Amino acid sequence: MEVTPANAGAGNSDLEVRLSKRFINPEHSFDLDVHFRVKPGFTILFGSSGAGKTTVLDCIAGLSSPDKGHIAVGGDLFDSNRQLNVPAWRRHIGYVIQDLALFPHLTAQENVAFGLQALSTAERQTRSHDMLRTFRIEHLHDRRPVQISGGERQRVALARTLVTEPRALLLDEPLAALDRPTKSHILDDLRQWNESHRVPVLYVTHSTEEVFGLGEQVIVMEAGRIIAQGPPHEVMSAPRMETVAQLLGLENIFDATVTWLHEARGTMTCRLGAGPVELETPLVRTEIGSKLRVGIRAGDLLLSTEIPHGLSARNVIPGIISRLKQRDVIISTFVDCNGTPFEVHLTLAAREALQLAPGKNVWVVVKTHSCHLMAL
Amino acid sequence: MNWQAFWLTVRLAVVVSALLIAVGIPIAYWLTYSRWRWKFLVEAVIALPIVLPPTVLGFYVLMALGSRSPIGRWWESLTGHTLAFTFEGLMIGSVLYSLPFAVQPFAASFTAVDSKLLAASASLGQSPIHTFRRVVLPLSKAGLVTGFALSFAHTLGEFGVVLMVGGNIPGVTRTISIEIYDQVQAGNYSAANHTAFLLLIISFVVLSLVYGMNRRALTVAPWR
């Protein structure tokens, strides 16, 4: 039961994953092919739904088998070369999924004690009590899952898994259904637990907020592959690949050429496409004439119906509205700026106030730091 | 009212439904979790007693238990008498006859347990057998009760198999349904009416208990 990291020396407690799996499906076949290493601490697995994140977790937990690969954490769990496939129940990997799967016939305390079968009754009681206290749910002791609120249920599910002292922890959006304060409370408790139990935690989410709030490392997956990997600010704020840009919701993506470097100001000028529109963007290590890609969130752009004065934003680009499209409570406004199309997201109120309609002259305002640069 | 036949029938029904719990749970477990491609054939065989005339089933059981079959001979060498026309023989026939009435509700309730709970149990370190005992069985209570009660009620009222396998020996194999038949044959309608009414009431009470208990858990007929 006890998984004491006696061999917790250099790198032994890392979670190592290399796997490929093919899904054959009449509509579309899907190839999963990933290779990564998770160190103790939080690592975020980020990607749109259908990217294969959950399948990766299922393979690590032993609920699904890869076609080929190698999975290890404190010992080999899967190795296709050696026909090794340790069954899920012998892997000591904690796995909490979004709908939690609490045992409906057991009380909160019995749920938490569920994985401690091998211990004596007294020991089981003590440990599950301690865990309930750590997660501040000791008052739920005798209640069944149906009698417990959402946030408390999440705590019971986490406590039930953590009390078994897993070698690695897999969390598949366990907090997605919660409001923000409850979520951040639970995350604090989880982080605190991880301080004293240095195991790799792989946390799946598609909320950008959680990526920045939680992760020491982030792995970005798309269509069964890893497309970026590193510390969150590196991967997310200067996304180097277009798919990351789309995942982050960068609706405006332009090919651009560097025309001017303003080292003193920390900016540079880029010409979009064939021109003539130019943008002042953050400075990166590059040369005049080099090609790159600029991504801008449609929600980061401003529209003005008159030439704006006294703005801090460096880029004010004249254009004509070509099209307006309503999506929910957002108005996607497409502006033609001398051949360069911009998409700007506005509220319904803004459309009314500015009386926006196709053909109207407007100015698109772009802040320098709203421009995300990607290498080609 | 022939109380000897009544108590014999109750004893048979209790023993048979208890045996069906013991035999039915492993069979239902296998039916639920096996991925064998020919599994459907086994399912069909188990369901046979629902559609077969009891006399057909009874005939084959009689053949299998008789002194010309290996089973019958083995039993004879062990005990000195044949299985046919004994209480034990009747038990075997009744277990086979009521098998689908136990196995199908069991299997249906095992299948209904959310597979996410099984995955959760496995990732908490529980072997498949532990998971079955600690998660699947407790959550299948309704199906187990249904299977037990249905096979009890079904055994109470069986006629064809009993007649074929057990004959009509008072105190040994003469059950209520055969008693009723005898009474009618003898023109003794008022006695037949008493016995028949008792059987009707018992069966109704048993089924009412089952459906009452499962009001929320099981809304369709227990055989799906």
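Chain A is divided into two domains: domain 1 takes in residues 15-92 + 165-246, and domain 2 covers 249-375. The C-alpha centres of domain 1 and domain 2 of chain A lie 35 Å apart.

Keep in mind, as you look around, that this is a predicted model. Its scores are ipTM 0.79 and pTM 0.72. In chain B, the average pLDDT is 87, and 95% of the residues score at least 70. Residues 217-224 of chain B have a pLDDT below 50; this stretch still has ten contacts in the model beyond near neighbours in sequence.

Let us now visit two residues of chain B. Here they are side by side:

| Residue | Helix of chain B | Relative accessible area |
|---|---|---|
| B:Met63 | H3 (residues 54-65) | 45% |
| B:Val205 | H11 (residues 189-213) | 42% |

Why does B:Met63 count as partly exposed? Its relative accessible area is 45%, and partly exposed covers the range between under 20% (buried) and over 50% (exposed). B:Val205 is also partly exposed, because its relative accessibility is 42%.

From B:Met63 you can also look across to B:Ala149, which is 86 residues apart from B:Met63 along the chain. The C-alpha atoms of B:Met63 and B:Ala149 are separated by 29 Å.

Which residues join B:Val205 in a nonpolar surface patch? They are B:Phe197, B:Leu200, B:Ile201, B:Phe204 and B:Leu209, and with B:Val205 they make a patch of about 620 Å².

Definitions and conventions:
Residues numbered from 1 in each chain as written. Chains lettered and ligands numbered in written order. Predicted model: local features only at pLDDT ≥ 70, side-chain atom pairs only at ≥ 80, totals over all residues. Heavy atoms only, no water. Helix = DSSP H or I, 4+ residues; strand = E, 2+ residues; numbered from the N terminus. Buried < 20%, exposed > 50% of the residue type's maximum accessible area, 1.4 Å probe, protein only. Patch = residues over 30% accessible without salt bridge, like charges linked within 9 Å, V, L, I, M, F, W, Y side chains within 5 Å. Areas by Shrake-Rupley, 256 points an atom, 1.4 Å probe, with all protein chains shown as cover. Salt bridge = Lys/Arg side-chain N within 4 Å of Asp/Glu carboxyl O. Domains from an automatic or database assignment. pLDDT = per-residue confidence, 0-100. Contact = heavy atoms within 4.5 Å.
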